[in-house]
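Good morning, colleagues. Please have the sequence and the coordinates open while I speak.

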Amino acid sequence: MQFGRLRFVLILALLASNLLVGVLSLLFLRSMEQRYAQLFDRSVPLINNLRTLTRELSGVQRLARRISDPKNETAWAPLLQQMDDASNSAKTHAIEISVMESLKDSRHVATMARFGREYDEKVDQFLALAHAGKIPESNQFNVDVLRLAYDRYMDAVDDAANYVEREGIDLRARYAQDSRLFGGFLLAAAGWPLLAAAGLVVVMALLVIGLFAAVFFPRLFTSKQPVA
């Protein structure tokens, strides 16, 4: 009767542990799904915007080179509006990037904003020279001033992109570590019957060894009588 009750209790414990493991696994998987979704929402749109900003700034600089090229003097006038539009689009994207979640609390926002303002000012100065028909002057300004401001701005954008990439890699590594720890916990929780059986075997082995020792080596268990 007692063995039957013990077996019933063990079966109930096994069912309860399996149910607990299943529920915990489901909750953990949902949590990981949400965390990866948040990582995706934080990183991917920002990376795309940074790439768009890089492409637009490169377009502005290419237009500046074409406008200020003395050999292209007859065709520079229609390009001025294109360069102005591209510069305004880059400004809009830079503002959108500055308020995105992954960057708004980092030092990269201030750095990009500083070099972005500097580059925008140089672009306006370049366009003023080009509108005035001062092509040689605008060409020299592009070589000596605008290009350097562009390089500084692009370095700031690259630093921001590298920061976002490193942050994503660190978060993925942290999530992977959490998964490994939780997997170990689930393995221990799911394998408790084996652990209990192994513990029972060890206890039985110790009892058998003790019994054999008591039978074949009784002197080990007898205390010495004091001498009168």
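Leaving aside neighbours within four places in sequence, which residues is I97 in contact with? Before I answer, please note that this is a predicted model. With sequence neighbours within four places set aside, the contacts of I97 are L46, N49, L50, L53, L103 and M112. I97 itself lies in helix α2. It is buried, and its relative accessible area is 0%. One further pair deserves mention: I97 and P45 are 52 residues apart along the chain, while their C-alpha atoms are separated by 9.3 Å.

Let me now step back to the chain as a whole. The protein chain holds five helices and zero strands, so that, read from the N terminus, the order of elements is α-α-α-α-α. It has 228 residues, of which 30% count as buried. Taking contacts between residues at least 6 apart in sequence, 80% join residues that are at least 24 apart.

On confidence, the mean pLDDT of the chain is 78, and 76% of the residues reach 70 or more. Among the elements, α3 has the highest mean pLDDT, at 89, whereas helix α5, residues 192–216, has the lowest, at 70.

I turn next to the packing of two helices. In general, two packed helices are described by the angle between their axes and the distance between the axes. Here, helix α2, residues 77–98, packs against helix α3, residues 107–131, at an angle of about 170°, and their axes are 11 Å apart. Because angles over 145 degrees count as roughly antiparallel, α2 is roughly antiparallel to α3. On the α2 side, the contact is made by L80, M83, D84, S87, K91, I97 and S98. On the α3 side, the residues are V109, M112, D120, V123, D124, F126, L127, A130 and H131. Sorted by class, this contact comprises nine nonpolar, three polar and four charged residues.

The nonpolar cores come next. The largest has 37 residues, and those with the most contacts inside it are L53, L57, M83 and Y119. The elements giving two or more residues to this core are α1, residues 2–68, together with α2, α3 and α4, the last spanning residues 135–190. Helix α4 supplies the largest share, 11 residues. There is also a second, separate core of eight residues, which includes V21, F28, F182 and L186.

Three residues let us follow the contacts in detail. The first topic is L53: apart from neighbours within four places in sequence, L53 is in contact with A90, H93, A94, I97, M112, Y153 and V157.

Next is L50, which is found in helix α1. Is L50 buried or exposed? It is buried, with a relative accessible area of 3%. Beyond its neighbours within four places in sequence, L50 touches I97, M112, V157, A160 and A161. For the pair L50 and A160, the separation along the chain is 110 residues, and the C-alpha atoms are separated by 8.3 Å.

Finally, I come to L146, whose place is in helix α4. With a relative accessible area of 0%, L146 is buried. Outside its neighbours within four places in sequence, the contacts of L146 are Q61, A64, M83, Y119, K122, V123, F126 and F141. From C-alpha to C-alpha, L146 and A64 are 8.8 Å apart in space, although they are 82 residues apart in sequence.

To return to the opening question, the contacts of I97 include L50 and L53. M112 is also in contact with I97, and M112 appears again among the contacts of L50 and of L53. Thank you for your attention.

Key
Residues are numbered from 1 along each chain as its sequence is written. This is a predicted model: local features need pLDDT of at least 70, side-chain atom pairs count only at pLDDT 80 or more; totals for chains, interfaces and linings use all residues. Side-chain values use heavy atoms; hydrogens and water are left out. Axes are lines fitted to C-alpha atoms, for helices over the stretch in contact, and angles run from 0 to 180 degrees between N-to-C directions. Helices (H or I, at least four residues) and strands (E, at least two) are DSSP runs, numbered from the N terminus. Angles under 35 degrees count as roughly parallel, over 145 as roughly antiparallel, 65 to 115 as roughly perpendicular and the rest as oblique. Contact means heavy atoms within 4.5 Å. Ala, Val, Leu, Ile, Met, Phe, Trp, Tyr, Cys and Pro count as nonpolar, Asp, Glu, Lys and Arg as charged, and the others, Gly among them, as polar. A nonpolar core is a set of buried Ala, Val, Leu, Ile, Met, Phe, Trp, Tyr and Cys residues joined through side-chain atoms within 4.5 Å. Buried means under 20% relative accessible area, exposed over 50%, partly exposed in between (1.4 Å probe, protein chains only). pLDDT is the predictor's confidence in each residue, from 0 to 100.
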